[in-house]
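Me: I have a new protein model open and I'm not sure how to read it. Could you walk me through it, one feature at a time?

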Amino acid sequence: MEETEDYVSQAEAITRNACCPWNCTPSMSHVPPIDSSKTPIIWIIGGPGSGKRTQCQKIIAKYGFTHLCTGDVLRAEAATNNSEKSKCVATIMKRGEPFPNDVVLNLLKEAMIAKVAGAKGFLIADYPRQKSQGIAFEKAIASVNHILYLEASAETLKKRVQGRAANSGADEYTLNKRLKTFFEDTDLVLAHYLRKLSRINAEDSVDAVFNEIVKVLDPIVT
């Protein structure tokens, strides 16, 4: 699936709807279920066309991190079809309706807890979409160690996506709307996490971008 499609599915899954219809609101226990001082948690954020998927693959190959994205988590839940919740997730997906924030966070938390025993670290792509989601994540799961923002101009992202438009199926109106939403929401997220944020020039070559990422992650991992 192309990055543009990933952004759409995840943007739909992580919405402003805060009420969970299945009462699966994540526990706000004072004891986080994951210790990020031992198992680092990295968020990687980037617009469609930023090279996020490529960089995630390179990070996983070098550091052995466990990679999670909300779109994959939701699809996995829908595919199980062994509970009322999974059936509801599948139904909402088919209808193209937005998912409540609590549903997405609860499933993400379950996926992380299930994998934490063997994880060297977590690389979570395209999360949070909004500042409130980041705050909820840190209350329910663990503090994030660092945020990688693959930064590129709207013009660059647009050209890259349009360059593969035959595969992505992105029309200009839809793409402009996606980019506008991405930048508006992301600016608020980044402003809240300035002390944990690294802006990476995603307009550079793939190798140059990864070299900058390594400079950030090496001290955290070691």
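**Reading the model together**

Reply: Happy to! Of the 222 residues of the protein chain, 49% count as buried. Keep in mind as we go that this is a predicted model.

Me: How many helices and strands does the protein chain have?

Reply: There are 10 helices and 5 strands in the protein chain. Contacts tell us about the fold too: among those between residues at least 6 apart in sequence, 83% join residues at least 24 apart.

Me: Let's take helices. How do I describe two that pack together?

Reply: Two packed helices are described by the angle between their axes and the distance between the axes. Now the case here: the axes of helix 3 (residues 70-80) and helix 5 (residues 101-115) come within 10 Å and cross at roughly 85 degrees.

Me: Which word describes how helix 3 and helix 5 lie to each other?

Reply: Angles from 65 to 115 degrees count as roughly perpendicular, and helix 3 and helix 5 are therefore roughly perpendicular to each other. From helix 3, the contact uses Thr 70, Val 73, Leu 74 and Glu 77, while helix 5 brings Val 104, Leu 107, Leu 108 and Ala 111.

Me: How many residues of that contact are nonpolar, polar and charged?

Reply: The contact of helix 3 with helix 5 has 6 nonpolar residues, 1 polar and 1 charged.

Me: Next, strands. Where should I look?

Reply: Try strand 4 (residues 146-151), which is mostly covered, with 5 of its 6 residues buried. Strand 1 (residues 41-46) runs parallel to strand 4, and 5 bridges join them. As an example, Ile 44 stands opposite Leu 148 of strand 4.

Me: How does strand 4 pair with strand 5?

Reply: Strand 4 and strand 5 (residues 197-201) also pair in the parallel sense, over 5 bridges. One pair to find on screen is Glu 151 with its bridge partner in strand 5, Asn 201.

Me: How many salt bridges does the whole structure have?

Reply: For this feature, look for a side-chain nitrogen of Lys or Arg within 4 Å of a carboxyl oxygen of Asp or Glu. A search of the whole structure finds 9 salt bridges. In one of them, Asp 72 pairs with Arg 75, their closest N and O atoms being 2.8 Å apart. Both sit in helix 3, and because they are 3 residues apart there, about one helical turn separates them.

Me: Are Asp 72 and Arg 75 buried, exposed or partly exposed, and why?

Reply: Partly exposed means lying between 20% and 50% relative accessible area. Asp 72 counts as partly exposed because its relative accessibility is 40%, and Arg 75 is partly exposed because its relative accessible area is 31%.

Me: Which salt bridge links different helices?

Reply: Look at Lys 158 and Glu 172, whose closest N and O atoms are 2.7 Å apart. Lys 158 lies in helix 7 (residues 154-163) and Glu 172 in helix 9 (residues 172-192), so the pair ties together parts 14 residues apart in sequence. Glu 172 is partly exposed, with a relative accessible area of 44%.

Me: Which residues are joined into one network by salt bridges that share partners?

Reply: Lys 52, Asp 126 and Arg 129 are joined in this way. Within the network, Asp 126 forms a salt bridge with Lys 52, with 3.4 Å between the closest N and O atoms. This pair links distant parts of the chain, 74 residues apart: Asp 126 is in the loop between strand 3 (122-125) and helix 6 (131-140), and Lys 52 is in helix 2 (residues 52-63).

Me: Are Asp 126 and Lys 52 buried or exposed?

Reply: Both Asp 126 and Lys 52 are buried.

Definitions and conventions. Residues are numbered from 1 along each chain as its sequence is written. This is a predicted model: local features need pLDDT of at least 70, side-chain atom pairs count only at pLDDT 80 or more; totals for chains, interfaces and linings use all residues. Side-chain values use heavy atoms; hydrogens and water are left out. Axes are lines fitted to C-alpha atoms, for helices over the stretch in contact, and angles run from 0 to 180 degrees between N-to-C directions. Helices (H or I, at least four residues) and strands (E, at least two) are DSSP runs, numbered from the N terminus. Angles under 35 degrees count as roughly parallel, over 145 as roughly antiparallel, 65 to 115 as roughly perpendicular and the rest as oblique. Contact means heavy atoms within 4.5 Å. Ala, Val, Leu, Ile, Met, Phe, Trp, Tyr, Cys and Pro count as nonpolar, Asp, Glu, Lys and Arg as charged, and the others, Gly among them, as polar. Buried means under 20% relative accessible area, exposed over 50%, partly exposed in between (1.4 Å probe, protein chains only). Two strands pair if DSSP finds at least two bridges between them.
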